[in-house]
Amino acid sequence: MTGSTGRVALVTGASSGIGAATARLLAARGMRVVVNYLRSSKSAEEVVADIEAAGGQAMAVQADVREVAAITNMVEQVRAAWSDIDVLVHNALIPYAVKSFQDMTWEELGGKLDAEMHSAFAVTKAVLPAMTAQGWGRIIYLGTGLSRRPREGMIALGTAKAALEQFARYLAQELGPQGITVNIVAPGPVESRIANDVFDDAQKQRQVAATPLGRLAHPDDVAQAVAFYAGEDNTFMTGTTAAVNGGMSMY
Ligand SMILES: NC(=O)c1ccc[n+]([C@@H]2O[C@H](COP(=O)([O-])OP(=O)(O)OC[C@H]3O[C@@H](n4cnc5c(N)ncnc54)[C@H](OP(=O)(O)O)[C@@H]3O)[C@@H](O)[C@H]2O)c1
């Protein structure tokens, strides 16, 4: 057991996929976990029930991370129930258009850039005062391999996440002196509902063939990297990117 017991972790978009796996793992490591979600209250409550059944502590909180007022309410709710937030995992997946640049409108590209950055900005602003006051904090953003290596149709996601990842590095530089680490976990393709929407079987096979470890990632693989950055085990890494991609691209 690490020294993370009792820390409060907020995982945005934790009702499914990587966020749900991360919530479960952080709770198994002794953190009290806020399972944020947008629409899937039943799934979020299932994640909470699983955590509690395993002896952990969790609460589901609905909030749209694109809305400042909703984020403020969520942080207040957590403070009233438990305490301030020590760990932020910003994972929520803001929907985006999958299409070529030539077919894309500015509203589609600009809308994704704005929603991605505005949500990261607002959630970070909301948790930062308590982290700086206590001189300790852990922030992890979910990036993607597509922010460095383009794939057909993914210009909106790849460009928005590239902005998010550079934002994270600037925060790492600014917040290091205050005891706050900021890191990025950048998965390759993950076996999830999105992968099923984005890939047909042949495309999935091509992704697997290009991956030395011979499969797509599971949400649990990604959660392991997030949990490392979130805990006391991470003593000296900030501004870094963990590529959880089975070796599909190496950098
Ligand atoms: N899956 C991949 O292949 C892959 C690869 C690289 C990076 N990533 C990144 O990993 C993260 C998670 O992806 P995933 O595939 O695990 O996603 P997912 O299974 O589709 O889950 C998305 C989560 O985000 C929540 N969400 C969406 N909009 C929200 C909003 N406005 N406010 C609050 N919550 C919101 C959803 O909540 P509700 O269901 O309640 O609406 C859900 O819990 C994303 O940042 C994604 O870009 C994923």
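# Briefing: ligand shell, ring contacts and selected residues

Tyr229 is buried, at a relative accessible area of 3% (buried is under 20%, exposed over 50%, partly exposed in between; 1.4 Å probe, protein chains only). The model is predicted: local features need pLDDT of at least 70, side-chain atom pairs count only at pLDDT 80 or more, and totals for chains, interfaces and linings use all residues. Residues are numbered from 1 along each chain as its sequence is written, and side-chain values use heavy atoms, leaving out hydrogens and water.

**Ligand shell**

- The shell around the ligand holds 29 residues (one heavy atom within 4 Å).
- Ser15, Ser16, Arg39, Ser40 and Lys161 come nearest to the ligand.
- By residue class, the shell divides into 13 nonpolar, 11 polar and 5 charged (nonpolar: Ala, Val, Leu, Ile, Met, Phe, Trp, Tyr, Cys, Pro; charged: Asp, Glu, Lys, Arg; polar: the others, Gly among them).

**Polar contacts and cover of the ligand**

- Ser15 uses its side chain: an N or O atom there is 2.6 Å from a ligand oxygen (a polar contact is an N or O pair within 3.5 Å; within protein, one must be able to donate a hydrogen and the other to accept it, and sequence neighbours count only if both atoms are side-chain atoms).
- Ile18 uses its backbone, with a polar atom 2.8 Å from an oxygen of the ligand.
- Arg39 also offers a backbone N or O atom, and the distance to a ligand oxygen is 2.8 Å.
- On its own the ligand has 910 Å² of accessible area, and the protein covers 94% of this area (Shrake-Rupley, 1.4 Å probe).
- Three elements each give two or more residues to the shell: α1 (17-28), β2 (32-37) and α6 (193-198) (DSSP runs: helices H or I, at least four residues; strands E, at least two; numbered from the N terminus).

**Rings**

- The whole structure contains 2 aromatic pairs (ring centres within 6.5 Å, taking the six-membered ring of Trp; planes under 30 degrees apart are stacked, over 60 edge-to-face, the rest tilted).
- Phe228 and Tyr229 make a tilted pair, 5.8 Å centre to centre and with 50° between the planes.
- Within this pair, Phe228 is partly exposed at 31% relative accessible area, whereas Tyr229 is buried at 3%.
- Arg7 places its charged end over the ring of Trp136, 3.5 Å from the ring centre (NZ of Lys or CZ of Arg within 6 Å of the centre and within 35 degrees of the normal).

**Thr12 and Gly214: loop positions**

- Thr12 sits in the loop between β1 (8-11) and α1.
- Its relative accessible area is 0%, so Thr12 is buried.
- The Thr12 side chain reaches the backbone nitrogen of Ala92 at 3.0 Å.
- Gly214 sits in the loop between α7 (201-209) and α8 (219-230).
- At 44% relative accessibility, Gly214 is partly exposed.
- Gly214 and Met248 are 34 residues apart in sequence, and their C-alpha atoms are 9.3 Å apart.

**Leu128 and Ala28: helix positions**

- Leu128 belongs to helix α4 (residues 106-134).
- Its relative accessibility is 18%, so Leu128 counts as buried.
- From Leu128 to Met250 the C-alpha distance is 32 Å, with 122 residues of sequence separation.
- Ala28 belongs to helix α1, one of the elements that contribute to the ligand shell.
- Relative accessibility is 57% for Ala28, so Ala28 counts as exposed.
- Ala28 and Ile155 are 127 residues apart along the chain, with 36 Å between their C-alpha atoms.
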